[in-house]
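These are my notebook entries on one protein chain. I set out to look up helix packing, aromatic pairs and one residue in its surroundings.

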Amino acid sequence: MFKNAEEKQLLARVNARDADAFAEVYDRYAARLFRHASIRLGRKEVAEDLVSRTFLKVWEYLSDGKTVNHIASFLYRVLHNLIVDEYRVKPRETLVEELPELKDQRDANRGIDAILELERVRRALRNLPDDARTLLVARYFDELSIGEVCSMTGKSSNAVYVALHRGLRRERSSPVDR
């Protein structure tokens, strides 16, 4: 469950409602959670808001005297639930991300290639059902273990494996420009 003693100690401090430990958790996971939300939602501003709300909800949960067994899984689970709520409230919108500032022609070529590849991936993910997209993003973009994906989604490992397989198969057979 724990990668090392340091993580175990950090979790104990977080469960004891140590604000410095929680700030360390924020530093460790905020960018990863933002990337996850951005890929799933396609909207930077909404992703930022949901990540902020995720940390607020986790802090409130801890402040109520409750404890967490695995901080990464719990953070992703809270974020996942907020994203699901967001889908219920608003229809999905697709916005093109802002182009990065490019310094020279080499950077421009690399930047354009990366943007085109990212847009191809977004189109492919958009064609998948929300459940499959969630699992694929968590497993392959966020590099969560199967156990962490199970914890995040509440699914059994068999259900996650089957859904990942079906999602990959469906993505490969979709008529997206390659």
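**Entry 1: α4 against α7.** I began with helix α4 and helix α7, the latter spanning residues 146-153, and found their axes 8 Å apart at an angle of about 40°. That angle makes α4 oblique to α7. I noted the crossing of α4 and α7 as right-handed. I then listed the contact: A72, S73, Y76, R77 and H80 on the α4 side meet E148, S151, M152 and T153 on the α7 side. By type, the residues of this contact of α4 with α7 comprise three nonpolar, four polar and two charged. I record here that the model is a predicted one.

**Entry 2: α2 against α6.** I next looked up α2 with helix α6, which covers residues 130-141. Their axes lie 10 Å apart, and the packing angle is about 145°. Here too I entered a right-handed crossing, with α2 passing α6. From α2, the residues R35, H36, I39 and R40 meet R133, T134, V137, A138 and F141 of α6. I sorted the residues of the contact of α2 with α6 into four nonpolar, two polar and three charged.

**Entry 3: the chain overall.** I counted eight helices and zero strands in the protein chain. Read along the sequence, the pattern is therefore written α-α-α-α-α-α-α-α. The chain has 178 residues, of which 40% count as buried. I also looked up contacts with a separation of 6 or more, and 64% of these in the protein chain come from residues 24 or more positions apart.

**Entry 4: aromatic pairs.** How many aromatic pairs does a search of the whole structure find? I obtained four. One of the pairs I examined is F22 with W59: the ring centres are 4.9 Å apart and the planes stand at 55°, so I entered the pair as tilted. F22 belongs to helix α2 (residues 19-41) and W59 to helix α3 (residues 44-63), so the pair ties together parts 37 residues apart in sequence. Are the two partners buried or exposed? F22 is buried, at a relative accessible area of 10%, whereas W59 is partly exposed, at 27%.

I then took the rings of Y61 and F74, whose centres are 4.8 Å apart and whose planes meet at 40°, so this pair is tilted as well. Y61 sits in helix α3 and F74 in helix α4 (residues 71-89), and the pair links distant parts of the chain, 13 residues apart. Y61 counts as partly exposed because its relative accessibility is 27%, between the limits of 20% and 50%. I added that F22, Y26, F55 and W59 form one aromatic cluster.

**Entry 5: L164.** My last query concerned L164, which is found in helix α8 (residues 157-173). With a relative accessible area of 4%, L164 is buried, because the cut-off is under 20%. Which residues is L164 in contact with, leaving aside its neighbours within four places in sequence? I listed L135, L136, R139, Y140 and I146. I also looked up the separation of L164 from D131, a residue 33 positions away along the chain, and found 9.6 Å between their C-alpha atoms.

Notes:
Residues are numbered from 1 along each chain as its sequence is written. This is a predicted model: local features need pLDDT of at least 70, side-chain atom pairs count only at pLDDT 80 or more; totals for chains, interfaces and linings use all residues. Side-chain values use heavy atoms; hydrogens and water are left out. Rings of Phe, Tyr and Trp (its six-membered ring) pair if their centres lie within 6.5 Å; planes under 30 degrees apart count as stacked, over 60 as edge-to-face and the rest as tilted. Helices (H or I, at least four residues) and strands (E, at least two) are DSSP runs, numbered from the N terminus. Buried means under 20% relative accessible area, exposed over 50%, partly exposed in between (1.4 Å probe, protein chains only). Axes are lines fitted to C-alpha atoms, for helices over the stretch in contact, and angles run from 0 to 180 degrees between N-to-C directions. Angles under 35 degrees count as roughly parallel, over 145 as roughly antiparallel, 65 to 115 as roughly perpendicular and the rest as oblique. A crossing is left-handed if the near helix is turned anticlockwise from the far one by less than a right angle, and right-handed if clockwise. Contact means heavy atoms within 4.5 Å. Ala, Val, Leu, Ile, Met, Phe, Trp, Tyr, Cys and Pro count as nonpolar, Asp, Glu, Lys and Arg as charged, and the others, Gly among them, as polar.
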